[in-house]
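Reader: Hey, I'm new to this one. Could you walk me through how the sheet is put together?
Author: Sure, let's have a look.

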Amino acid sequence: MNNPSPDDVRHMAHALQLAKYGFYTTDPNPRVGCVIVRDGLVVGEGWHRRAGEPHAEVHALAAAGEQARGATAYVTLEPCCHHGRTPPCSTALVKAGIVRVVAAMPDPNPRVASQGIAELEKAGIRVDIGLLQAESERLNPGFISRMTRGRPYLRVKLAASLDGRTALANGESKWITGEAARADVQRLRARSSAILTGIGTVLADDPSLTVRDLDVERQPLRVVVDPQLRMRTSARMLALPGATLVVTGAGSEDAAATLRAAGAEVLCLPLDSERMDLTLLLEQLAAREVNEVLVEAGATLCGELLCASLVDELVLYLAPHLLGSHARGLFDIPGLTSMADRIALDIQDIRAIGKDWRITAKLLTRS
């Protein structure tokens with residue numbers, strides 16, 4: 001959008017803030033906010049709360065009532081134009097008498113793909129698109145990834161000492177980071193559709209992988225990569241709220257049936273040299289409408305994901321202590337013989353979380 005007015009920017013920023021209210025609840029739908037403005041005054045606002053319920057535009061139009069006629073709608077995502085779980089928002093905007101729509105970004109959903117914009121323009125509504133688009137995209141990396149790449153957005157979370165060690169040589173790792181960092185991880189879990197780990201982590205630590213200390217309506221899907229089907233029926237996560245998916249490529253039907261009886265879902269995928277096809281796994285998760293995956297795993301699975309170029313973002317919590325050269329590292333990756341082979345990162349954010357430091361970085365192509 002060219003030359004937006006200060007009021008345009010202010011109202012879109014307001015819509016983006018509204019969208020954040022649905023941060024933990026909209027999955028698998030995108031987080032969307034909407035503001036209705038008439039004669040310079042906000043007459044209605046709303047945000048999408050959860051799948052199957054009215055979209056942000058519908059909530060905002062309901063709040064505006066008759067004042068929506070002749071108004072401008074600021075919405076963080078192109079209004080939908082298809083019948084899904086709810087009726088199309090583009091039609092609702094036309095019927096309400098909206099005369100201008102400002103959208104932060106086009107909808108990446110192929111079922112929309114600028115058709116919502118076309119429907120609005122056909123009805124005589126002025127449409128401006130692209131205002132604060134980058135901010136809108138940051139709200140929904142998983143939804144965008146699933147719609148454009150056919151796989152979820154993959155975020156790897158790791159905690160390490162300042163010398164890059166995740167655990168002592170004997171596996172002891174509680175606790176590397178402090179309480180503030182561990183609470184921050186709960187927010188990462190809450191925004192995620194699924195939490196991915198490996199069987200080694202499950203057998204060693206028996207983790208819960210649940211969202212704790214936050215008021216959430218759902219638990220992320222727990223996904224365990226277990227090529228040889230070694231998962232125990234006594235695993236703690238099988239008795240907790242939420243679903244557990246064990247992904248395997250081997251093991252007897254009896255073992256699979258026993259796990260299913262214990263509450264797990266078992267998914268069999270082809271193995272490549274006794275390793276899981278992780279690309280296929282992510283495609284399978286996308287088919288289940290998984291948007292964002294948080295990886296909480298050991299060096300082996302994290303290294304495999306990294307080498308397969310499947311990691312989108314790294315969230316690293318660094319604690320102010322040293323564990324020494326015999327302690328365990330972050331990633332198990334083949335040794336590099338040239339600096340040209342190094343894996344490049346683009347650091348997006350560094351901030352203190354309690355006494356620890358959180359580094360957020362995007363993965364770049366190899367230099």
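Reader: So how many bridges join β4 to β5?
Author: Four, and the two strands run parallel. Strands here are DSSP runs (E, at least two residues; helices are H or I, at least four), numbered from the N terminus, and two strands pair if DSSP finds at least two bridges between them. This is a predicted model, where local features need pLDDT of at least 70, side-chain atom pairs count only at pLDDT 80 or more, and totals for chains, interfaces and linings use all residues. Residues are numbered from 1 along each chain as its sequence is written, and side-chain values use heavy atoms, with hydrogens and water left out.

Reader: Which residue in β5 is the bridge partner of V101?
Author: V127.

Reader: And what's the strand order in the open sheet?
Author: β2-β1-β3-β4-β5, five strands with mixed pairing. β2 (41-47) and β5 (126-129) each have a single partner strand, so one side of each lacks a neighbour in the sheet.

Reader: What about β3, in which sense does β1 pair with it?
Author: Antiparallel, over four bridges; V37 has T72 as its bridge partner in β3. With β4 (residues 100-103), β3 pairs in the parallel sense, also over four bridges.

Reader: Are the residues of β3 (72-75) buried or exposed?
Author: Buried: T72 and Y74 on one side, A73 and V75 on the other. Buried means under 20% relative accessible area, exposed over 50%, and partly exposed in between (1.4 Å probe, protein chains only).
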